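Thank you all for coming. Please have the structure open while I speak, and stop me if a term is unclear.

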Amino acid sequence: MALCSKNFLFFLFSTLSFMPFSHQLQHPLDSLTPNEFIQVQAIVNQSYLTPNHNVLTFQYIGLQEPDKQAVISWLENYSTSPPPRQAMVIARVNHETHEIIVDLSRNRIISDQIYDGYGYPLLTFEEQKAASQLPFKYAPFLASISRRGLKIEEVVCGSFTIGWHGEKKKNARIVKVMCYYLDGTVNLYMRPIEAITVMVDLEEMKIIQFQDRAMIPVPKAAGTDYRESKQRAPFGPQLKGIAFAQPDGPSFTIDGNRVRWANWDFHLSFDARAGPIISLASIYDTEKQKFRRVMYRGFVSELFVPYMDLTEEWYYRTFFDAGEYGYGLCAVPLEPLRDCPANAVFMGAFVAGQDGMPIEMPNVFCIFERNAGDVMWRHTETMIPEVLVTEVRPEVSLVVRMISTVGNYDYINDWEFKQIGSIKVTVGLSGLLEVRGSKYTHKDQIHEEVYSTLLAENTVGAHHDHFLTYYLDLDVDGESNSFVKSKLQTTRVNDRKSPRKSYWKVVSETAKTEADARIKLGLESADLLVVNPNKKTRMGNLVGYRLIPGSVAGPLLTDDDYPQIRGAFTKYNVWVTPYNKSEKWAGGLYADQSRGDDTLATWSSRNRRIENKDIVLWYTLGFHHVPYQEDFPLMPTISTGFELRPANFFEYNPVLKVKASNYVRWPNCSISSFP
């Protein structure tokens, strides 16, 4: 949620690395290729780099999603022409935001609109870096650093978006620059230089305001460095080596961006804002002898991170990590054998720089089969006289992983496909806390509201939230779907047919409009389903998929608080809207300094009909983070997620006839009970 810095280094891993550049049949949903980025840049530059338009920056370039029906028609008949390849460009031209659509097949701009509403586009790496360097040539800042007895060569700075807090007048594109101190550690976030604020105008790229309001101790470097090479005894117990091998190679195949494994077939692409996008996820039904669609498109739509610290340098820290910094832009190269197991296959991606040229991002995805010793299904039958029946099938799944490091936080994103038909989505939070320097060295000294936990001397960890909103365009066996809430209702026994006093029954309600489908989880017991009302099983049940939430958290800010107005899409854990290609970003297309007038909450207020329609399910998972000392100097991973699980989608258990994978016999292995 702070500066998303990027060093575009080339990490080479000789085994099982894969970078799709082109393949025989380009898929309509493929990410833009390097050549397409170059083509887009040339077309836009030709139109705007004239004497009258001499200030041009590319804030975002990505695939302009083709018409959904055109994609589906093409999938049904590959001999037809695919939808035209188009690119969506958001550019700043002479300090104005332009929304530009480039038709790549026609080699020209087909739409150009100037956006003059509230909010600004994604920040680029280049402008963040430039803003963060300005203080080092600014005399008042240098004097403040000298007054604290700090060495300027050990200072590093980052750019922070400022949010919106009720201002009537539209602000310029500005960021606040905050700085940190190294000098004995690489854990800069544990050594903030408090009370100094530098405000920068990104368009003019100059400092417009400076404040140094107090002298607050910089926390010590001792004990903050997390690098393995810097650790000293005593160490924790070391485990013996663990290995996982697939001597016959992986069970999945990758054709361009299409991934096939077991009974699953899906498309994987990359977007600078969303990161991984899973499309056209379909599962093979052995009973029907065909693939059946589950999800047309799924991705992280927004990540809202409001801090609860109300002090001068902190109150505005209410970040939209996807819409302001780019969840995909902040993807980092994955470390073989550490971020991903030995059997992983790696894939790279490309983004556009501020000049529109492609930048390679190697190893941002890894794909691997997971066998963690879990059980997919089992039963031991002991009721048959003199017969013991035991059947077990081990759980093997396929994982697609990306890690996004947005400033101090590392988000570990997994899309896991299971043979039972489930898609399990998990996010793990690790990295470093954003701490505030403080005068306190012991909890007993604190007699005021500090909005935080004292973690170490002069170091407090601020309370904050993380809310990830997922866009899930489910097409359960077809595009026309309905949302069903099946409540588990306690019922009294009023007759004498049973000695029992009560039981629960299922009372199902089909949402007619968007308002019917808004749900705050945790208030009542219910199953949440997306069903196809036009298709039934042989038993007469509606074909469907069930949303199984993980841990539940919702916003605790008041509805009239400005960060919550911007983040109103987090008020409910579940929303359902009719499909609209333009409604992709829950926090709005222009999240930086947005005012909450273009969010999922505002779209849904129209209360459109959603029964038996092409609908989109939006799911928000959350964390309320109260820091503890175990989070210092870096945080162990904490995870949550959700699962999309078949609900009368199949006629019977789809893994009844799945055989266990072959055992791998290791040399010099002598376990007598091994088959």
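I will begin with the whole protein, go on to its cavities and one helix, and finish with a few backbone details.

First, a word on what we are looking at: this is a predicted model, in which local features need pLDDT of at least 70 and side-chain atom pairs count only at pLDDT 80 or more, while totals for chains, interfaces and linings use all residues. Residues are numbered from 1 along each chain as its sequence is written, and side-chain values use heavy atoms, with hydrogens and water left out.

The protein has 7 helices and 33 strands, where helices (H or I, at least four residues) and strands (E, at least two) are DSSP runs, numbered from the N terminus. Along its principal axes, the C-alpha trace spans about 85 × 65 × 65 Å. The radius of gyration, taken over C-alpha atoms, is 27 Å, which agrees with the value near 26 Å for a compact globule of 675 residues; that rule is 2.2 Å times the number of residues to the power 0.38. Of these 675 residues, 52% are buried, and by buried I mean under 20% relative accessible area, with exposed being over 50% and partly exposed in between (1.4 Å probe, protein chains only).

Let us turn to the interior. A search of the whole structure finds 6 cavities of 30 Å³ or more. On a 1 Å grid over the protein atoms alone, a cavity is a set of points where a 1.4 Å probe fits but cannot get out, and lining residues have an atom within 4 Å of a point; a volume is the space filled by probe spheres set on the points, which are joined across faces, edges and corners.

The largest cavity has a volume of about 160 Å³, and of the 19 residues that line this cavity, S31, G62, L63, F270 and D271 are the closest to its centre. Two or more lining residues come from each of β2 (56-63), β12 (264-271) and β16 (345-352), and β2 gives the largest share, 4 residues.

Which elements supply at least two residues each to the lining of the second largest cavity? They are β2, α3 (125-133) and β16, and here β2 gives the most, with 4 residues. This second cavity holds about 130 Å³ of space, and the closest to its centre, of 17 lining residues, are F58, Q59, L329, A352 and G353.

Since α3 has just appeared, let us stay with that helix. In α3, the residues F125, E127, Q128, A131 and S132 are buried. An α-helix has 3.6 residues a turn, so residues three or four places apart point the same way. The cover over the buried residues of α3 includes β2, β6 (155-160), β7 (174-181), β8 (192-201) and α5 (321-325).

Finally, the backbone. The peptide bond from A233 to P234 is cis, with omega near 5°, and P234 sits in the loop between β9 (206-212) and β10 (252-255). Another cis peptide bond joins F632 and P633, with omega about 0°, and P633 is in the loop between β32 (613-625) and β33 (635-647).

N94, in the loop between β3 (86-93) and β4 (96-103), has a phi near 50°, a positive value in a residue other than glycine, and N94 is partly exposed, with a relative accessible area of 28%.

Terms used: On a 1 Å grid over the protein atoms alone, a cavity is a set of points where a 1.4 Å probe fits but cannot get out, and a pocket is an open set with protein on both sides within 12 Å along at least five of seven lines; lining residues have an atom within 4 Å of a point. Contact means heavy atoms within 4.5 Å.
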